[in-house]
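Open the model in your viewer and keep the sequence panel beside it. Each stop below says what to select and what to look for there.

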Amino acid sequence: MGPKKKRTQFSLAYFVLMIFIVWIFNDMVFRPYMLKELEVPYSSFLEYLSRGQVEHVAIGADRISFTLKGEASRPEGAAASSVHNVVRVDDPKIVDRLIEAGVDFSEVKQTEGLLNALMGWIIAFLPLILIWYFMYRRMSGMGGSVLSFGKNNSQEIQGEMTGVKFADVGGVGEAEIELREIIDYLKGPERFNRLGAKLPKGVLLVGPPGTGKTLLAKATAGEAGVPFFSLTGSSFVEMFVGVGAARVRDLFEQAKKKAPCIIFIDEIDAIGQARSSIAAMSGNSERENTLNQLLAEMDGFRPNTGVIIMAATNRPEILDHALVRPGRFDRQVQVTLPTEEGRSGILKIHARGVPLDDERDLDRIAKITPGFSGAELANIINEASLLAVRRNADKVALCDLDLAIERVVAGLQKKTPLSPDVRKKVAYHETGHALTAYYLTGADPVHKISIIPTSKGALGYTMQLPTEDQFLRSEEELRSRLAVMLGGRAAELLVFGVATTGASNDLEVASMLARRMVTEFGMSKTLGPVRYSNPEDSYLGSPSSNRGDISQETTAAIDREIQDIVTEAQNTSMNILRSHRAALDKIASTLQEDEVIMGDEMKGIIESVG
Ligand code: ADP
Ligand code: MG
Ligand code: ZN
C-alpha cells in the first residue's frame, strides 16, 4: 500500500504542476501571437470614431471590438492587426454614430473569443502532452513507471513466485484439503482437461481477519509452483476514474499469458460491495466500474484456461450477488479461527527461529487462547521475543509468553479467554443441540460442534449439514428442527437447572419458525389449515406487524399455539437428553478439552458410551 499510494500522489502533483506550466506558457508565449487585444475606454473609441480612424467594428453582446485604419493613428505598442476592445456602454445612438462615420460594422456572437482561447490552450498543451508521453515511455521502460495509470506496476505484471508452503500455514485443516484440488489442477491442467473435468473459476476465501487467508492464497500458489498475481481491493478506491477497470483488464491479460497461475484479489469487499449500497452511500461509480470489469473478465474466459481466481473477504454477506453466482466465485472456502491443535501449530511455525526455554510452553499457550487468530498468535510470539530481549535473556520463557498474551489481549480488548465456567456452559449448550439432532429422525446430521467463539459474537456453534436438498419439509421435520434449536436451552436447564442468555438467539429463531408453522403452513390442530398472516408481512420480514383482518381472539390463539409448539419442542429435547445423559456428559467434557468435535467423532463417543 505504502509505495503505491505515494505514486498516485506524485502523479497528481505532476498533473497540477503541468496545468500550471501550460497556463503560464499560454499567457506569456502564445497569447501575444494569437490575439493582440487592447482594452480602451469608450471615450477613446468615440474619439477614434469621430476622427474617422476606425476601419471595422464588431458589436458583441457586452463588448465592442474595432480595428483602426492607418499606422500613424494607432496607440503605442499595438501591432498592425491589433483588435481593440471596448466595454459596451448603454449608448442608444451607437448605430447612428457608426453610420455617420461610414465604417463597416457587424454584430458578433460572443463565442468567437472563447473559441480562440480554446485554440490557444490546445496548441499550448500539445508539446506538453508529447513530452509527457515520451517521459512515460522511458520511465516505464526502466521499470519504475511514474505515471502508472492504467498499467500494473512491473512487480504485479510478472507475478510473484511466493515460495510460501502449506507448512507455513497452521490450523486451517479443512481449507487446506479443499485447496489441494486446485493445486493438483494447476500442476497439470492437461490431465483435468483430458477428462473434461471443470474446475471452479473462482475460489472465495472467507473468514475473520488475521486467520491467514492471504497467507493461504500465497501458499496455494507456492505449493503449485505457479506465479501469483495479486491486487488489493482497497487500492482501487483511491484511483482516478477508469483506472481501476483498466488495472483489472491488464491483470487478467498478463495473467492469461502466464497460465497456469493464480490471480488473487485481497479484500474483495472493497470493490465487490453490493452495487446498490455503494451508490446509496457515495455514488462512487469507480468501484462499480471496477466491479463490472471484474465480472466481465471472469465471464470472458473459458473455465479451463489454467487461471484460477482467488479472492479473500471477511464480510461475505455484503458482496454483490453477481460475484458469488455460479461461474464466478462459486466455491467458498471457510477459513475459521484455529482450534487448540491449530493454535499450537501456528505458534510453532512462528517460533521456528526463536530459541525457546521449553517447547511445551507453546502447547500451554495454545490451550488458553481460544478465539485468537493466526495473526494474533504470531504477534504473541513476536512480543514474547521482544520481552526476552529486554530481559537480556537468551531464550524465550513461559513468563515472556504470558506477558505477551496480556499485551496482545489488552490491544484487542474484550477478547479475554473464556473462563472454565463459561466454557462448560457453552459446551453443554452446544452438545444439547447436537445430541438432539443425532437422536431425532428428520433432523439434519451434525457436521461439527465447536466452542471456539466466532467473530460475530457467538460463543459456540453446532453445524448441521443436510444430506440432500430439501425444498419441502414435512411437519415432523419442522418439529424436529425446533427441538434441535431448543436443545441448547434444554441441556442448560437439565444440567444446571437454569437457562442462560446464550439461548436467546435460539429462542428468537424458534419462535419465528413456530409462528410460520401456525400462520402460514396450517400446522396447528386448533387453528386449522388457514393462512393468517398478510402476504405483505413476510416481504417486510415482520410477520407480527399489521395483522389487519385477524380478530383479537385469533391473535391470542395463535400466540398460545406458538407457545405450545415451542414448549413441546423443548420437552422433546429434554427427554432425549435425559435418557442419554451419559453421552451428554461425555461429549460436553470432550468438547471442553478439544473445542471442536466432528460428526463422526461424536458418533464414536455416543457408541462408546452405549
Ligand atoms: P488475513 O488475510 O486472513 O487477514 P493474513 O494472511 O494477512 O490474514 O495473516 C497475517 C499474518 O498472520 C500472516 O502473515 C501470518 O504471519 C500470520 N498468520 C495468520 N494466520 C496464520 C496461520 N493460519 N498460520 C500461520 N500464520 C498465520
Ligand atoms: Mg489479508
Ligand atoms: Zn444455541
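## Stop 1: the zinc site

This is a predicted model. Start at the zinc ion, ligand 3, and show the side chains around it. Which residues supply the protein donors of the zinc ion? They are His429 and His433, each through NE2, and Asp506 through OD. These donors lie 2.0 to 2.1 Å from the ion. Along the sequence, the donor residues follow the spacing H-x3-H-x72-D.

Now colour two helices. His433 sits in helix H19, residues 420-439, and Asp506 in helix H21, residues 504-519. The pair is 73 residues apart and links distant parts of the chain. His429 belongs to helix H19 as well.

Next, turn on the surface. Are the donor residues buried or exposed? His429 has 5% relative accessibility, under the 20% cut-off, so it counts as buried. His433 is buried too, at 8%. Asp506, at 16%, also counts as buried.

Select the surroundings of His429. Beyond its neighbours within four places in sequence, His429 contacts Gly487, Gly488, Arg489, Glu492, Gly502, Ala503 and Asp506. Asp506 in that list is itself a zinc donor.

## Stop 2: the loop after H19

Follow the chain out of H19. Ala443 lies in the loop between H19 and E11. Its relative accessible area is 16%, so Ala443 is buried.

Select Ser480 as well. It is 37 residues from Ala443 along the chain, yet their C-alpha atoms are separated by 5.7 Å. Not counting residues up to four places away in sequence, Ala443 touches Ala437, Gln464, Ser480 and Val484.

## Stop 3: strand E11 and its partners

Move on to strand E11, residues 446-450. How many of its five residues are buried? Four are, and the strand is mostly covered.

Show the two partner strands:

- Strand E12, residues 461-464, pairs with E11 in the antiparallel sense over four bridges. Within this pairing, look for Lys448 opposite Met463.
- Strand E13, residues 596-598, is joined to E11 by three bridges and also runs antiparallel to it. Here Ile449 has Ile597 as its bridge partner.

Then select Ser450, which is in E11. At 1% relative accessibility, Ser450 counts as buried. A polar atom of its side chain lies 3.0 Å from the backbone nitrogen of Ile452. Leaving aside neighbours within four places in sequence, Ser450 is in contact with Glu430, Gly460, Tyr461, Glu595 and Val596.

## Stop 4: the parallel sheet

Switch back to cartoon view. Which strands make up the open sheet of five? Their order is E7-E8-E9-E6-E10, with parallel pairing. Strand E7, residues 228-232, and strand E10, residues 331-334, stand at the edges. Each has a single partner strand, so one side of each is left without a neighbour in the sheet. On average, neighbouring strands are turned by 20° against each other, direction ignored.

Zoom in on one edge. E7 pairs with strand E8, residues 261-266, in the parallel sense over five bridges. In this pairing, Ser230 has Phe264 in E8 as its bridge partner.

Add the helices that pack on the sheet. Helix H8, residues 213-224, touches strand E6 (202-206), E7, E8 and strand E9 (307-313). The direction of H8 makes about 170° with that of E8. Helix H10, residues 243-257, packs on the sheet as well and touches E7, E8 and E9. The direction of H10 makes about 170° with that of E7.

## Stop 5: ligand 1

Finish at ligand 1 and display what lies around it. How many residues surround ligand 1? There are 14, and the closest are Gly170, Gly210, Lys213, Thr214 and His350.

Three polar distances are worth displaying, one per row:

| Ligand 1 atom | Protein partner | Distance |
|---|---|---|
| oxygen | polar backbone atom of Gly212 | 3.1 Å |
| oxygen | N or O atom in the side chain of Lys213 | 2.7 Å |
| nitrogen | N or O atom in the side chain of His350 | 2.8 Å |

Lys213 also ties this stop to the previous one: helix H8, which packs on the sheet, spans residues 213-224.

Definitions and conventions. Residues numbered from 1 in each chain as written. Chains lettered and ligands numbered in written order. Predicted model: local features only at pLDDT ≥ 70, side-chain atom pairs only at ≥ 80, totals over all residues. Heavy atoms only, no water. Donors = N, O, S within 2.8 Å, 3.2 Å for Na, K, Ca; no water. Buried < 20%, exposed > 50% of the residue type's maximum accessible area, 1.4 Å probe, protein only. Pairing = 2+ DSSP bridges. Axes fitted to C-alpha atoms, helices over the stretch in contact; angles between N-to-C directions. Contact = heavy atoms within 4.5 Å. Polar contact = N/O pair within 3.5 Å; in protein donor to acceptor, adjacent residues only side chain to side chain. Near = heavy atom within 4 Å.
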